[in-house]
Amino acid sequence: MIEGRCLCGAVCYKVEAEPLVMRACWCRVCQFLASGNATINLAFPSDAVTITGDLTDYQSTADSGHKMHRRFCPACGTHMFSAAEDRPHLIIIRAGTLDDPEIVNLQGVIWTASAPHWAHIDPDIPHFDGQPPPIA
Ligand SMILES: [Zn+2]
Ligand SMILES: [Zn+2]
């Protein structure tokens, strides 16, 4: 069981599945969400994730062209979940919200073409200039 919460604790979640993929994303939107850095994202089957608490859903079209729903805690502002409208069977969880961030082992870095020159990108894991192929 993987568990996590927002900064203030108003939103909690439990996951009864292993991550499908774990990646860093340097797309321009993620730089806004992660205070200038890449976001660290874990993808899960959406039916394995149970969420308690109220979230605000910010909708926008990503650089990939997908219409995205990015959900955050309205009390503390922590970004927690992301999902593509045309891929509702997948949910992305932001790694900063995990009770145990040590479970992350990054398998790739995406949208590296949008990263600033000072970004540190691990040379030992796969890179994608933009959107990688769909995972499932
Ligand atoms: Zn909160
Ligand atoms: Zn991104």
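## Strand β1 and its hairpin

Buried, as the word is used here, means under 20% relative accessible area, while exposed means over 50% and partly exposed covers what falls in between. With that in hand, welcome to this predicted model. A good place to start is strand β1, residues 2-5, which has two contrasting faces. Ile2 and Gly4 make up the covered face, whereas Glu3 and Arg5 sit on the uncovered one. In a regular strand, side chains alternate between the two faces of the sheet.

Strand β1 pairs with β2 in the antiparallel sense, over 4 bridges. Within that pairing, glycine 4 has tyrosine 13 of β2 as its bridge partner. The hairpin of β1 and β2 has 6 residues between the strands, and there glycine 9 takes a positive phi near 90°.

## A second hairpin, β6 and β7

Further along the chain you can find another antiparallel pair: strand β6 (residues 56-61) is joined to β7 by 6 bridges. Here threonine 61 has lysine 67 of β7 as its bridge partner. In this hairpin, 5 residues lie between the strands, and glycine 65 has a positive phi near 95°.

## The nonpolar cores

Which residues touch the most other members of the largest nonpolar core? They are Tyr13, Val15, Leu42, Phe44, Phe81, Ile93 and Leu98, out of 18 residues in that core. Strands β2 (12-15), β4, β8 and β9 each supply at least two residues of this core.

Leucine 98 is worth a closer look in your viewer. Setting aside its neighbours within four places in sequence, leucine 98 is in contact with Ile2, Glu3, Gly4, Tyr13, Leu42, Ile103 and Val104. Among these contacts, Ile2 and Gly4 belong to the covered face of β1, and Tyr13 is the bridge partner of glycine 4. There is also a second, separate core of 7 residues, which includes Trp26, Val109, Ala115 and Ile125.

## Two pockets

The largest pocket holds about 600 Å³ of space. Its lining has 27 residues, and those nearest its centre are Arg23, Met68, Ile92, Ile110 and Gln131. Two or more lining residues come from each of β3 (21-25), β4 (39-45), β7 (67-72), β8 (79-84) and β9 (90-94). Sorted by class, the lining of the largest pocket has 17 nonpolar, 5 polar and 5 charged residues.

The second largest pocket has about 280 Å³ of space. It is lined by 14 residues, with His79, Arg94, Ala95, Gly96 and Thr97 nearest its centre. The lining of the second largest pocket divides into 7 nonpolar, 5 polar and 2 charged residues.

## Positive phi outside glycine

Two residues other than glycine are worth pointing out for their backbone angles. Serine 35 has a positive phi, near 60°, and is found in the loop between α1 (28-33) and β4. Tryptophan 111 also has a positive phi, about 60°, although it is not a glycine; this residue lies in the segment after β10 (108-110).

Is each of these side chains buried or exposed? Serine 35 counts as exposed because its relative accessible area is 75%, and the cut-off for exposed is over 50%. Tryptophan 111 counts as buried because its relative accessible area is 14%, and the cut-off for buried is under 20%.

Terms used. Residues are numbered from 1 along each chain as its sequence is written. Chains are lettered from A and ligands numbered from 1 in the order in which they are written. This is a predicted model: local features need pLDDT of at least 70, side-chain atom pairs count only at pLDDT 80 or more; totals for chains, interfaces and linings use all residues. Side-chain values use heavy atoms; hydrogens and water are left out. On a 1 Å grid over the protein atoms alone, a cavity is a set of points where a 1.4 Å probe fits but cannot get out, and a pocket is an open set with protein on both sides within 12 Å along at least five of seven lines; lining residues have an atom within 4 Å of a point. Grid points are joined across faces, edges and corners, and a volume is the space filled by probe spheres set on the points. Ala, Val, Leu, Ile, Met, Phe, Trp, Tyr, Cys and Pro count as nonpolar, Asp, Glu, Lys and Arg as charged, and the others, Gly among them, as polar. A nonpolar core is a set of buried Ala, Val, Leu, Ile, Met, Phe, Trp, Tyr and Cys residues joined through side-chain atoms within 4.5 Å. Buried means under 20% relative accessible area, exposed over 50%, partly exposed in between (1.4 Å probe, protein chains only). Contact means heavy atoms within 4.5 Å. Two strands pair if DSSP finds at least two bridges between them.
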